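Visitor: I would like to learn how to read a few features of a protein model. Could you walk me through them?

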Amino acid sequence: MQQFAFISRHVPTDSQHQLAAEQDIELTHIGDHDAFTVAPGFVDAAGTFEGVVVVHPAAALRLAPHFIIGVFENANRAPVGEKPQFEAVSLQLFDLRD
């Protein structure tokens, strides 16, 4: 299994762990960071990782030159008119490293 950091204010859900495992990835929650200022040092300080999984595209773009990036695709599972409740439905991987 490849070790990927997971950056989010929430720990990964069972379904997020399952989607990652389907791609031979083990997620390690390393906490949250502002998506517009996150830098590779935040990930490196938490351990050694092959890649990083995020939910915010700005974080993905900032970290993409340094790591394989995973982005969860979410779907709103709340009924129309209710407060949104999101659930991960897929994990997309991108390798844009220099």
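Guide: Gladly. Keep in mind that this is a predicted model. Let us start with contacts: Gln16 touches Phe6, Val11, Leu27, Val55, Phe72 and Ala88, leaving aside residues up to four places away in sequence.

Visitor: Where is Gln16 placed?

Guide: Gln16 sits in helix α1, which covers residues 14-21.

Visitor: Is Gln16 buried or exposed?

Guide: The idea is to compare the relative accessible area with a cut-off, and buried means under 20%. Gln16 has a value of 8%, so this residue is buried. Its side chain also has a polar partner: one of its polar atoms lies 2.9 Å from the backbone nitrogen of Thr13.

Visitor: Which residues of α1 are buried?

Guide: In α1 these are Gln16, Leu19 and Ala20. They span an arc of only 100° around the axis, so they lie on the same side of α1.

Visitor: Let us turn to Ser90. What does its side chain make polar contacts with?

Guide: One partner is the side chain of Glu73, at 2.7 Å. The other contact joins the side chains of Ser90 and Gln92 at 3.1 Å. Ser90 belongs to strand β5, residues 86-94. With a relative accessible area of 14%, Ser90 is buried. Not counting residues up to four places away in sequence, Ser90 touches Leu19, Val71, Phe72 and Glu73.

Visitor: Now for charged pairs. How many salt bridges does the structure hold?

Guide: There are two salt bridges. In one of them, the side chains of Glu50 and Arg97 meet at 3.6 Å, N to O. A useful habit is to ask where each partner sits along the chain. Glu50 is in the loop between α2 (40-44) and β3 (51-54), while Arg97 is in the segment after β5, so this pair ties together parts that are 47 residues apart in sequence.

Visitor: And what does Asp95 form a salt bridge with?

Guide: Asp95 pairs with Arg97, and their closest N and O atoms are 2.7 Å apart. Through shared partners, the salt bridges join Glu50, Asp95 and Arg97 into one network.

Visitor: Are these three residues buried, partly exposed or exposed?

Guide: Glu50 is partly exposed at 36% relative accessibility. Arg97 is partly exposed as well, at 35%, and Asp95 also counts as partly exposed, at 45%.

Visitor: How should I read a nonpolar core?

Guide: In soluble globular proteins, nonpolar side chains tend to be buried together. A good step is to look for the members that touch the most others. In the largest nonpolar core here, which has 17 residues, those are Ile7, Val43, Val52, Val54, Leu63 and Ile69.

Visitor: Which elements give two or more residues to this core?

Guide: They are β1 (2-7), β3, α3 (57-63) and β4 (68-76). The largest share comes from α3, with four residues.

Visitor: Could we take Val43 as an example? What does Val43 touch?

Guide: Leaving out residues up to four places away in sequence, Val43 touches Ala5, Ile7, Ile30, Phe49, Val52, Leu63 and Phe67. There is also a second, separate core of eleven residues, including Phe6, Ala20, Ile25 and Phe72. You have met some of these names already: Phe6 and Phe72 are among the residues that Gln16 touches, and Ala20 is one of the buried residues of α1.

How values were computed: Residues numbered from 1 in each chain as written. Predicted model: local features only at pLDDT ≥ 70, side-chain atom pairs only at ≥ 80, totals over all residues. Heavy atoms only, no water. Buried < 20%, exposed > 50% of the residue type's maximum accessible area, 1.4 Å probe, protein only. Polar contact = N/O pair within 3.5 Å; in protein donor to acceptor, adjacent residues only side chain to side chain. Contact = heavy atoms within 4.5 Å. Salt bridge = Lys/Arg side-chain N within 4 Å of Asp/Glu carboxyl O. Core = buried A, V, L, I, M, F, W, Y, C linked by side-chain atoms within 4.5 Å. Arc of directions from axis to C-beta.
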